[in-house]
Amino acid sequence: MKYLITGANGQLGSKFKETLENCYPFTKEDLDITNINKVLHVFNRLKPDVVLNCAAYNLVDKAEEEFDKALSINAIGVLNLAMACKDVGAFLVHYSSDYVFDGKKEGLYNEDDFTNPLSKYGLSKYIGEQLLSTVLDRDKYLLFRTSWVYGEGKQNFLYKLQQWAQNNEYLRIACDEFSVPTSTRTIVEVTLTALRKGAVGLYHLVNSGYASRYEWAKEYLELKGIKKFVYPAYQHEFKLPAKRPRWSAMSNDKICKDLGIEIRSWKEELRMLNL
């Protein structure tokens, strides 16, 4: 199998690059997925079997003023990849977000639940999902929604938390925002298992359980031995540009059942990784 990775310098793309032997890793400088001509040229030259789209615009607040940029990467870029995959007969794996939900459900979100993004970032991810499923037949792609992704790198909550801890006497973290912290290791492991077992279509790919930002921060700081007072604050106090769902925790029951696997809890995964 020949794998082509987009966004290869991001935290998820880097993890795939580290894991896979036979892959073509492309950074955003190497391959601009918003340029259909460049995408088609690369795909026709390399003829990949599987495309792992790890390229994404993930600046949630900045997307409120840069919606055109978020849309071009998270939606038009996905459309371009889907069309190129169809052209060369490649299988596409794409990653979406829990921010396609509005947070009004009581209980874990499943794959059949109604989507209603609150932010322009969430909207850009939702449109990307729709374009993908319009271009490719269901047996030609895997669409994974994931949440609160972290790993090695600087584009995640845990890295920012360490920076805040170095520069502040105490920390204010939202206690009323809930989802599922999910490691890049889990995403890579489950993705490759899904490909090996022939899974197709839409799945929620997250670690098991759920947490508030506050609980996640407390757990991580304790594991790192960082002694800081963490104050439970509320979402509205931060006055962020983008509106976020207060509850966007997703269930991984479907993927666990279909693949015959168990996915580690977010706490167990965090302790094992010890980033």
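Which residues line the second largest pocket? In this predicted model, the lining is made up of Gln11, Ser14, Lys15, Glu18, Tyr150, Gly151, Glu152, Ser183, Thr184, Arg185, Leu273 and Leu275, and the space that lies in the second largest pocket comes to about 160 Å³. When the residues of this lining are sorted by chemical character, three are nonpolar, five are polar and four are charged. Two helices, helix 1 (11–19) and helix 6 (184–196), each supply at least two residues of the lining, and it is helix 1 that provides the largest share, namely four residues.

Two of the lining residues, Lys15 and Glu18, lead on to the salt bridges. The side chains of Glu18 and Lys15 meet in a salt bridge, with a distance of 3.1 Å from N to O. Because Glu18 and Lys15 stand three residues apart in helix 1, about one helical turn separates them. Glu18 has a relative accessible area of 54%, and since exposed means over 50%, Glu18 is counted as exposed.

A search of the whole structure finds 11 salt bridges, and some of them join parts of the chain that are far from one another in sequence, as the next pair shows. Arg246 forms a salt bridge with Asp176, and the closest N and O atoms of the two are 3.3 Å apart. Arg246 lies in the loop between strand 12 and helix 8 (253–259), whereas Asp176 lies in the loop between strand 7 (170–174) and strand 8 (178–179), so the pair ties together parts that are 70 residues apart in sequence. The two partners fall into separate classes of accessibility: Arg246, with a relative accessible area of 44%, is partly exposed, while Asp176, with 13%, is buried.

Another salt bridge brings us back to helix 6, where Glu189 is found. Arg264 forms a salt bridge with Glu189, the closest N and O atoms being 2.9 Å apart. This pair, too, links distant parts of the chain, for Arg264 lies in the loop between helix 8 and helix 9 (266–273) and Glu189 in helix 6, 75 residues apart. Arg264 counts as partly exposed at 22% relative accessibility, and Glu189 is likewise partly exposed, with a relative accessible area of 37%. Salt bridges that share partners join Arg185, Glu189, Arg264 and Glu269 into one network, and Arg185 is also one of the residues that line the second largest pocket.

From charged pairs we can turn to the nonpolar side of the surface. Tyr170, Phe229 and Tyr231 form a nonpolar patch on the surface, and together they have about 360 Å² of accessible area. Phe229 lies in strand 12, which covers residues 229–233, and at 55% relative accessibility Phe229 counts as exposed.

A last residue to look for is Asn116, which lies in the loop between strand 4 (91–97) and helix 4 (120–135). With a relative accessibility of 31%, Asn116 counts as partly exposed. How far apart are Asn116 and Leu59 in sequence and in space? Along the sequence they are 57 residues apart, and in space they are 19 Å apart, taken from C-alpha to C-alpha.

Conventions:
Residues numbered from 1 in each chain as written. Predicted model: local features only at pLDDT ≥ 70, side-chain atom pairs only at ≥ 80, totals over all residues. Heavy atoms only, no water. 1 Å grid on protein atoms, 1.4 Å probe; cavity = no way out; pocket = protein on both sides within 12 Å on 5 of 7 lines; lining within 4 Å. Points joined across faces, edges and corners; volume = space filled by probe spheres on them. Nonpolar A, V, L, I, M, F, W, Y, C, P; charged D, E, K, R; others polar. Patch = residues over 30% accessible without salt bridge, like charges linked within 9 Å, V, L, I, M, F, W, Y side chains within 5 Å. Areas by Shrake-Rupley, 256 points an atom, 1.4 Å probe, with all protein chains shown as cover. Salt bridge = Lys/Arg side-chain N within 4 Å of Asp/Glu carboxyl O. Buried < 20%, exposed > 50% of the residue type's maximum accessible area, 1.4 Å probe, protein only.
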